[in-house]
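Student: I have a model on screen and a few things to ask. Can we go through them one at a time?

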Amino acid sequence: MYVSIRVLCCVLDGMSKAQKLEAAVHGKGRDMTNKDERHFGVYEELIYAKKKVPLEGAQWTGIVTSVALEMLRTKKVDGVVCVQSQADDKMAPNPVLATTEQDILASRGVKPCLSPNLSVLKEVEEKQIKKLLFIGVGCSVSALRTVEPHLREGGVEELYVLGTFCVDNGPNKGLKKFLEAASDDPSSVKHYEFMQDYNVHLKHEDGRIEKTPYFSLPADDLKDVIAPSCYACFDYMNNLADLVVGYMGVPWQNRDMTQHQQTVVVRNSKGKEMLDLVRDSLEIDPPMSSGQRKAFVLETVKADDAATLGGGPPQKPAPKFVGSVIAWILEKIGPRGLEFARYSLDYHWIRNYLYVQRNFKPEHADRHIPEYVKSIVREYDDKGQISKMANEGVREKKKLY
């Protein structure tokens, strides 16, 4: 099976094409008048959930791993594309075709680096897998949906897609640089997450949970840990997966990740089929939302963009004590729950909108940016401030993508 990378890659071919695929994948398109669908994509159900009895060794409570195990146990699939760790580096991704429960259990936990999940599809074809579960983040899922017709020509009869949220990623060396800045013992960090209490929570091999306030990170020095392709991404919510599990929309519940709820988005009937396999094992609650995000979004965008363009004095990280005080205050007065998720999405979408406008040819930029992002940008650009920012720092024409 050979497919041109230009056809597969949304960054090269225009990311708005992923939005156009939503109706074909889910049976309906995104309702742009629905504020939740505009941000979170097409869905039938949006809930908070955690395993009543956490799965040992999981980063969170093990929802994704449990779904994969049940899909294999019930013979709904013959194989699962998932990501294990490299033998010499627990944080480095190693995508595999799992055909046993042991293979799936070996994939527990997020590997926060760019992972070539589609490289496994050759093995899917060679082993004549008929029923497949694919687990991945938005960029790999978008590429998978593009190549899906070729997979079916190759013999795949049933395809299930279980997605996770993703907000910025990068190469392994970038991850190491981030961990050195965020942790007092970076070599022993197993998992981490940016939580709604404005702290990075880092889980160590000995079980210790370390917290570093967002404001105590050297943000100016960490711009290069994020891959350039992630600055052009608008699919943090994994819009083409059948079922999506991730943290983003849950308020801080004052507990460790292994006891904390996550956001679960059921996008279609296949997503429901997967969730129903583990539903009875979950503690489920409806989502909540409070606070106002927009002022926070604009201030975050301005501060981030000043660091990007090198305008103003360098932003020194706050001492941990000061950062912890700021985090405590913001957790009390800032956006929470789904409104925090909207804050994160709006900020990252505007940041990436600025990147695309500065680095892409105008016609490519227009084709690339999805309509739901353009509609969000318009809300913040009522006084022209986003447009003004986009005109600053534009690359030379001959260097535009």
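Student: Where is the place of Asp168?

Tutor: Keep in mind that this is a predicted model. Strand E5 covers 158-164, and helix H9 covers 172-182. Asp168 sits in the loop between E5 and H9.

Student: What phi does Asp168 have?

Tutor: Asp168 is not a glycine. Its phi is positive even so. The value is about 70°.

Student: Which loop holds Asn254, and is Asn254 buried or exposed?

Tutor: Asn254 lies in the loop between strand E9 (243-246) and strand E10 (262-266). Asn254 also has a positive phi, about 60°, although it is not a glycine. Exposed means over 50% relative accessible area. Asn254 has 63% relative accessibility, so it counts as exposed.

Student: Is Gly246 buried or exposed?

Tutor: Gly246 lies in strand E9. The cut-off for buried is under 20% relative accessible area. Gly246 has 6%, so it is buried.

Student: Which residues does Gly246 touch, not counting those up to four places away in sequence?

Tutor: Leave out the residues up to four places away in sequence. What remains is Phe165, Gln262 and Thr263.

Student: What separates the C-alpha atoms of Gly246 and Val64?

Tutor: Along the chain, Gly246 and Val64 are 182 residues apart. In space, their C-alpha atoms are separated by 9.1 Å.

Student: Which residues of helix H3 are buried?

Tutor: Helix H3 spans residues 16-26. Just after H3, Gly27 takes a positive phi of about 85°. Within H3, the buried residues are Ser16, Lys17, Ala18, Gln19, Glu22 and His26.

Student: Why does Cys82 form no disulfide?

Tutor: A disulfide is a covalent bond between the sulfur atoms of two cysteines. Here, the pair must lie within 2.5 Å. Cys82 is buried, at 3% relative accessibility. Its closest cysteine sulfur, in Cys139, is too far for a bond, because the separation is 16 Å.

Student: What is the distance from the sulfur of Cys233 to the closest cysteine sulfur?

Tutor: Cys233 is buried, with a relative accessible area of 12%. The closest cysteine sulfur is in Cys230. That is too far for a bond, because the distance is 6.4 Å.

Student: How many disulfides does a search of the whole structure find?

Tutor: Cys82 and Cys233 each have their closest cysteine sulfur too far away for a bond. The search covers the whole structure. The number of disulfides found is 0.

How values were computed:
Residues numbered from 1 in each chain as written. Predicted model: local features only at pLDDT ≥ 70, side-chain atom pairs only at ≥ 80, totals over all residues. Heavy atoms only, no water. Buried < 20%, exposed > 50% of the residue type's maximum accessible area, 1.4 Å probe, protein only. Helix = DSSP H or I, 4+ residues; strand = E, 2+ residues; numbered from the N terminus. Contact = heavy atoms within 4.5 Å.
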